[in-house]
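User: I've got a new model open and want a quick walk through the fold. Can we take it piece by piece?

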Amino acid sequence: MKRTGLVFVIAIICIVSLEAESSGQSTATYAPEHGFSAQRVELASIQVASLKEASTEDEEAEPVESSGETVPDPLEPINRAFFEFNDKLYFLVLKPVATGYKTVVPEEVRVCIRNFFTNLAFPVRFANNLFQGKFFGAIEETCGFLVNSTVGLGGLADIATAVDIKRHDEDLGQTLAVYGAGPAFYINWPFFGPSTLRDTIGVAGDLFIDPLTYLGNYWYAPYSRGLNILNETSLRLGDYESLKKAALDPYVALRDAFYQNRLSKIKE
Amino acid sequence: MRRKGWIGIALLALWAGCGFGPVWAGVPTEKVKETTDKIIAIVSDPALKDPAKEKERREQIRRSVDEMCDWQEMSRRSLGRYWAQRSEQEKKEFIQLFGQLLERTYIDKVEGYSGEKVIYTGERVDGDYAEVDVKIVTKKNTEIPVVYKLRSRDQQWWAYDMVIEGVSLVNNYRTQFSDIMAKSSFEGLMKKLREKSAE
């Protein structure tokens, strides 16, 4: 009896949060953020402003440097060395292993494994939504987690996305940025790849909330992260190759792609 | 009677699933959609699937892309502040080489097409500038947000940038170009471009 009551409350919360979102959609169609309406309006005006900025730099002779934000890279020589190391690591170890894994494990299963790990990382997203004051995000994340953990068979199936419960991918690096922390400088870690000083601190902090940290002494504890990385790589084979193929300087291309993607996530 | 009720519920669910926001497609969206549809038709055409037809297929894609992309504007924006210092001849050669590279990159991307859905989610127009929001849904059910940036010229909309998952193509190349220009010269950059297009 108690359990039915709990399910009922959860269902109501889900409906309320979905309602709040859809009513917001009709007023400001292009604001990507799910939050308070004031936030939406603010975002909308930023977007209009950015479009206008583009139109002022119209003339042929005028230089176009406006939106190009770049990350400081004082460690470039070391970063480049690690970039080369990671490049070799990818082509000589990770890619062959992931390709073998891909031939053995069907894609449907690999997507399920990805879903499982994504669902498991819910506490990180939930906490950082709260840290940033995104309460609707936190509620929707909770709904998604509960739906996927139950109906989605422990997170293997991403039912939440199918029924339009959105994911709010927040991490501590983004939280720090929201509170005004700059990226400091770019770091290309061996094994882990592109990051900044701020985001490295973020990842380290998020580890305290990450359930994978608390697997304890079970035999599978050390393998779980490895499986996650291998599985992700198998689903993204070819991405790095095409970045390299399109780039004049792959190191700079990767640095910039990482940073631009980060900026867009922080803005969301 | 009961059957009708179920159909009604199904329709309602479908309508709810489509979202409540007003759906209106403007001219910039139509331009992007027209080109995208053409390209999808080419890459899904069984008659062109044959590896022997690769050249013809790529040529057809190229023609469709040319109808949408403003290579000169992309080149100007990617070269940033170095653009104004170039002679007409240098600009011409640069547009040609860089355009080729962009085209090839784009064609490589769309050639990997395997039934992804393309959904048009929004549009903003501000005078001569417009942005078209697109969501590409892969079979693995991941969503890739793409924003096309367009500019109107000669009564037509032309794309001058593509922002994929927050990464602007033009900004990415501008960062690379200014890095190369700072460390070597325009000639050095042209040499790298030539090497790249010969690959």
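**Strand pairs and helix packing**

Analyst: Sure. Let's begin inside the chain B sheet: B:G122 has B:D133 as its bridge partner in β2(B). Keep in mind that this is a predicted model.

User: OK. How many bridges hold β1(B) and β2(B) together?

Analyst: The count is 9, and the two strands pair in the antiparallel sense. They form a hairpin with 2 residues between the strands. B:G127 takes a positive phi there, near 65 degrees.

User: What's the strand order in the whole sheet?

Analyst: The order is β1-β2-β3-β4-β5 in chain B. The sheet is open, has 5 strands and pairs antiparallel.

User: Which strands stand at the edges?

Analyst: β1 (117-126) and β5 (167-168) of chain B do. Each has a single partner strand, so one side of each is left without a neighbour in the sheet.

User: And what holds strands together in a sheet, in general?

Analyst: Backbone hydrogen bonds, in either a parallel or an antiparallel arrangement.

User: Move along the sheet. What joins β2(B) to β3(B)?

Analyst: There are 9 bridges, and the strands run antiparallel. B:V134 has B:V146 of β3(B) as its bridge partner. This is a hairpin too, with 5 residues between the strands. In its turn, B:N141 has a positive phi of about 70 degrees.

User: How many bridges for β3(B) with β4(B)?

Analyst: That pair has 8, again antiparallel. The strands cover residues 143-153 and 156-164. One of the bridges puts B:Y148 opposite B:M162 in β4(B).

User: Back to the edge strand. Is B:K117 buried or exposed?

Analyst: B:K117, which is found in β1 of chain B, counts as exposed, because it has 10 C-beta neighbours inside 10 Å. B:T138 is 21 residues from B:K117 in sequence, yet their C-alpha atoms are 6.6 Å apart.

User: Which helix lies across the sheet strands?

Analyst: Helix α2 (residues 27-44) of chain B. It lies across β1, β2 (129-137), β3 and β4 of chain B. Its direction is about 150 degrees to β1(B).

User: Switch to helix pairs. At what angle do α6(B) and α7(B) pack?

Analyst: About 130 degrees, with the axes 8 Å apart. That makes α6(B) oblique to α7(B). The crossing is right-handed.

User: Which residues make that contact?

Analyst: From α6(B), B:F177, B:I180 and B:M181. From α7(B), B:F186, B:G188, B:L189 and B:K192. By class, the contact has 5 nonpolar, 1 polar and 1 charged residues.

User: And how do α3(B) and α5(B) cross?

Analyst: At roughly 115 degrees, with the axes coming within 10 Å. The crossing is right-handed. α3(B) supplies B:R58, B:I61, B:R62 and B:V65, while α5(B) supplies B:E103, B:Y106, B:I107 and B:V110.

User: What's the class split there?

Analyst: The α3(B) and α5(B) contact has 5 nonpolar, no polar and 3 charged residues.

User: Zoom out on chain B. How many helices and strands?

Analyst: Chain B has 7 helices and 5 strands. Along the sequence the pattern is α-α-α-α-α-β-β-β-β-β-α-α. Of its 199 residues, 29% count as buried. For contacts between residues at least 6 apart in sequence, 50% join residues at least 24 apart.

User: Now chain A. What does its tally look like?

Analyst: Chain A has 12 helices and 2 strands. From the N terminus the elements run α-α-α-α-α-α-α-α-β-β-α-α-α-α. Chain A has 268 residues, and 29% of them count as buried. Among contacts between residues at least 6 apart in sequence, 64% join residues at least 24 apart.

User: Why is α5(A) described as largely enclosed?

Analyst: Because 7 of the 10 residues of that helix, which spans 122-131, are buried. They are A:F122, A:V124, A:R125, A:F126, A:A127, A:N128 and A:N129.

User: What do those buried residues pack against?

Analyst: Four partners: α4 (107-120), α6 (135-150), α8 (172-178) and α9 (197-206) of chain A.

User: What comes after that helix?

Analyst: α5(A) is followed by A:G133, with a positive phi near 75 degrees.

Conventions:
Residues numbered from 1 in each chain as written. Chains lettered and ligands numbered in written order. Predicted model: local features only at pLDDT ≥ 70, side-chain atom pairs only at ≥ 80, totals over all residues. Buried ≥ 20, exposed ≤ 12 C-beta atoms within 10 Å, placed from the backbone. Contact = placed C-beta atoms within 7 Å. Axes fitted to C-alpha atoms, helices over the stretch in contact; angles between N-to-C directions. Parallel < 35°, antiparallel > 145°, perpendicular 65-115°, else oblique. Left-handed = near helix turned anticlockwise from the far one by under 90°. Nonpolar A, V, L, I, M, F, W, Y, C, P; charged D, E, K, R; others polar. Pairing = 2+ DSSP bridges.
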